Amino acid sequence: MIDAGVGLSLGEDAHLVGANAAQDALERLKGKKAEAALVFASVAYDQEKMLAGVRSVLPNAMVVGCSTAGEITQDGPAKRHSVAVMALAGESISFFAGVGENIAADARKAGAVVAGNVKKQSPNGKLDAFVMLPDVLVGNGAEIVRGVLDSLGAHFPVVGGAAGDDFEFKKTFQYLNDKIYSGAVVGLGLSGKFKMGIGVKHGWIPVGLPKTVTKSTGSVLHELDGKPAVKIYEDYFGAERAEELKKEPLAKLAITYPLGMKVAGSDELLIRDPITVDANGSITCAAEIPEGSEIRLMIGSREEAIKVAKEAAVSAVQQLNGSAPKAVIIFNCIARNKLFGEHGGEEISAIQEAVGRATPLIGFYTYGEQAPLGGEVRNLEKCNPAFHNETVVICVLAD
Amino acid sequence: MVTERKDIRHSTVAIILFLSIPFLLFAAVVGTITLRHFNEMATIMGMTFPLSVFTSDAEIVIGAFIVCLGLESGLFIWALSLYRTKASTLENTAYEQERAAVLLVRRDMELSRANEQLRNLDEVKSGFISVVAHQLRTPLSGIKWTLNLLQNGDLGTLSLEQKKFLVKAYESNDRMIGLVNDLLGADRIDSGKARYTFIPMDLTGAIESVLYEIAPQVHARELTVRFTKPEGQFSPVRGDPERIRAVLQNLVENSVKYSRPQGTVLITLSSPDTETALVSIKDNGIGIPKDEQEHIFSRFFRAKNAVKVETDGSGLGLYIAKAIIQRHGGKIWFDGKEDEGVSFFFTLPLAK
């Protein structure tokens, strides 16, 4: 039996807000002992104090979490800076948590380390699902996922979201029990008897003509059609805005106009978020774009985004084979928050139509999402976790 | 895009068909020669063959080849020019499409930016209201306290005339405190600062207590108020008692305020299913004009006919009520026509 309770708290005092959110989450567990907790918080709070507040209420739970670009609960996206906590309990399910540090030095290794750390805590060395929360401002997100899969197996069900910092793109934080990390990836392993369904969709539409990647290294895109990569944005945005591209982080302007990459075997383009641009006009993306890829500029529509969010939720629930959802975790791209503006609640509401309004729900606006392609977790041979952008990932847990 | 793709497909098929015509002709000629050979074979073998055509192979083959080659070249040149026209049309379309895409992106950016600015402005406005409301509350409480002292005669005996005006001042001040409290309530909702405590609560008791408090106004307007509830103990709902009370008070007060003298207000409590409580508050008052119905739960909105009846009002009551009910996981809606009264309904989850 899985049980979950979610608390959300706002205010100024970091310790108090952390404690309040944890307290509310715990109260909604109806007297059960919290085995694990997910903590998502704004960088506006002193991270140490906030986490200490959470720990003052949940001293013995496995706590993992990260800073975000906006917290989400069953009441919708939080309007201002907040702390959201989901407390998890379950007799037939065990939780293990760990960290992999120094993504900047070796992203793949950090991924392998976090998964290895978590796996070895499981008494029989067996895990059934893995939730990861990486920092992708310092390294290639796709490499971190690859590292995790190196350790857990290529077809292991992995979901997660990259930490955020309220749309500043400067520094994100990861939490593990009492400690605050940055430039790291934390993970929560689940083992035991439970069901999991995952929905993954983006719904962005390509505009304009395709361009070919003529030079790239990993997640750094140097040239498109032989010209500096940033030219694609200068052309589309116009001279006025192009000047701003040099002053502001590229992501701030371009996040709602990501790049779509054609991948073999799929009609839908795989999305890559532009994060920063350097003096040579090279764009660093949230994950790699191989040379020779054909890419296009993408644009969002609220109607389409709501439609696919609901479809993703429906498909996640279908994977439960009739069991009722007990807890919902959403990893939703920050770009979708920007796309929806004040209407962010509509997307969450559409998801709740499928998962149930009363089901405890937590999530956050991310800088990148991790999930199996197409959300496939039932047929593990076809479960291929990847690094996504601009996507909504819905993870539903049930008995 | 799709029709263009179809176009390309169609013209490709047409070109292939045209280009294959000479080959078909050539094949026909070769075919007839083969037939003649069969004929000769048949004669040699002493069998009869009905066809007797063409006599010189080489001449015919070469002749046919030259004719077909000429035809093929002609067709090829024609197909090439067709292809060129198509290609240039496509190129133009692609160019136009790219231009449209640039326009679309730039317009989208402009709109997003304008939207963002509006949001910021709205936040500034909310902040302003919040500050003003907070700042007003203290002096208003001060006035209330002072008026109280005066009224009670603590500062000396008052004439009847003075007392009458003090009562008016006191009432006006109280209304102002009410408005400021509405502003603060809405601010707490907007900022998400409102903290709720959900406990099993008795809805019947809450309704009865609101009705008791409003009795003087009901009496003054000679209204009939009826409260219908199911027999026996009504299951408790899961709610924040103080806030649910505020919702009830707001809805009942509205129906009393906007009822005509000697009108009727009907309140019913029921349970449409095992998980929900449903409250309805029905009056036969002035109702809500049709063209204003969609705004009724918006911030600072007051219907035209309501303003005529009752000049005071923050236009926040229903906005707050809706936020509270939604926060409880319930729904709130209404039904009715202008001049024929209105029924408000809301649901709350029953406590398990």
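Domain bounds here come from an automatic or database domain assignment. On that basis, the C-alpha centres of domain 2 of chain B and domain 3 of chain B lie 26 Å apart. The model is a predicted one.

**Domains of the two chains**

In chain B, the assignment yields domain 1 (2–114), domain 2 (129–191) and domain 3 (199–349). Where domain 2 of chain B meets domain 3 of chain B, seven residues come from domain 2 and eight residues from domain 3. The side belonging to domain 2 of chain B consists of four nonpolar, one polar and two charged residues.

Chain A is divided into domain 1, which comprises 2–201 + 304–398, and domain 2, which comprises 205–299. Taken over C-alpha atoms, the centres of domain 1 of chain A and domain 2 of chain A are separated by 28 Å. Their contact takes 18 residues from domain 1 of chain A and 16 residues from domain 2 of chain A. On the side of domain 1 of chain A, two or more residues come from each of helix 4 (141–152), helix 9 (334–340) and strand 25 (385–388). Helix 9 of chain A gives the most to this side, with four residues. By class, the side of domain 1 of chain A that touches domain 2 of chain A holds nine nonpolar, six polar and three charged residues.

**Contact between the chains**

Chain A contributes 20 residues to its contact with chain B, and chain B contributes 16 residues. On the side of chain A, strand 14 (205–217), helix 5 (231–237) and strand 21 (294–299) each supply at least two residues. This side of chain A has ten nonpolar, four polar and six charged residues.

The residue counts of the three contacts are set out below.

| Contact | First partner | Second partner |
|---|---|---|
| Chain A with chain B | chain A: 20 residues | chain B: 16 residues |
| Domains 1 and 2 of chain A | domain 1: 18 residues | domain 2: 16 residues |
| Domains 2 and 3 of chain B | domain 2: seven residues | domain 3: eight residues |

**Nonpolar cores**

The largest nonpolar core has 162 residues, of which Ala37(A), Val85(A), Ala87(A), Val186(A) and Ile394(A) touch the most other members. Helix 8 (residues 302–318) of chain A gives the most to this core, with eight residues. Domain 1 and domain 2 of chain A each provide at least three residues of this core. Leaving aside residues up to four places away in sequence, Val85(A) touches Val6(A), Gly7(A), Ala21(A), Ala22(A), Ala25(A), Ala37(A), Val39(A) and Val54(A). Another core, of 41 residues, lies apart from the largest one and includes Leu183(B), Val225(B), Ile267(B) and Leu318(B).

Key
Residues numbered from 1 in each chain as written. Chains lettered and ligands numbered in written order. Predicted model: local features only at pLDDT ≥ 70, side-chain atom pairs only at ≥ 80, totals over all residues. Contact = placed C-beta atoms within 7 Å. Nonpolar A, V, L, I, M, F, W, Y, C, P; charged D, E, K, R; others polar. Core = buried A, V, L, I, M, F, W, Y, C linked by C-beta atoms within 7 Å. Buried ≥ 20, exposed ≤ 12 C-beta atoms within 10 Å, placed from the backbone.
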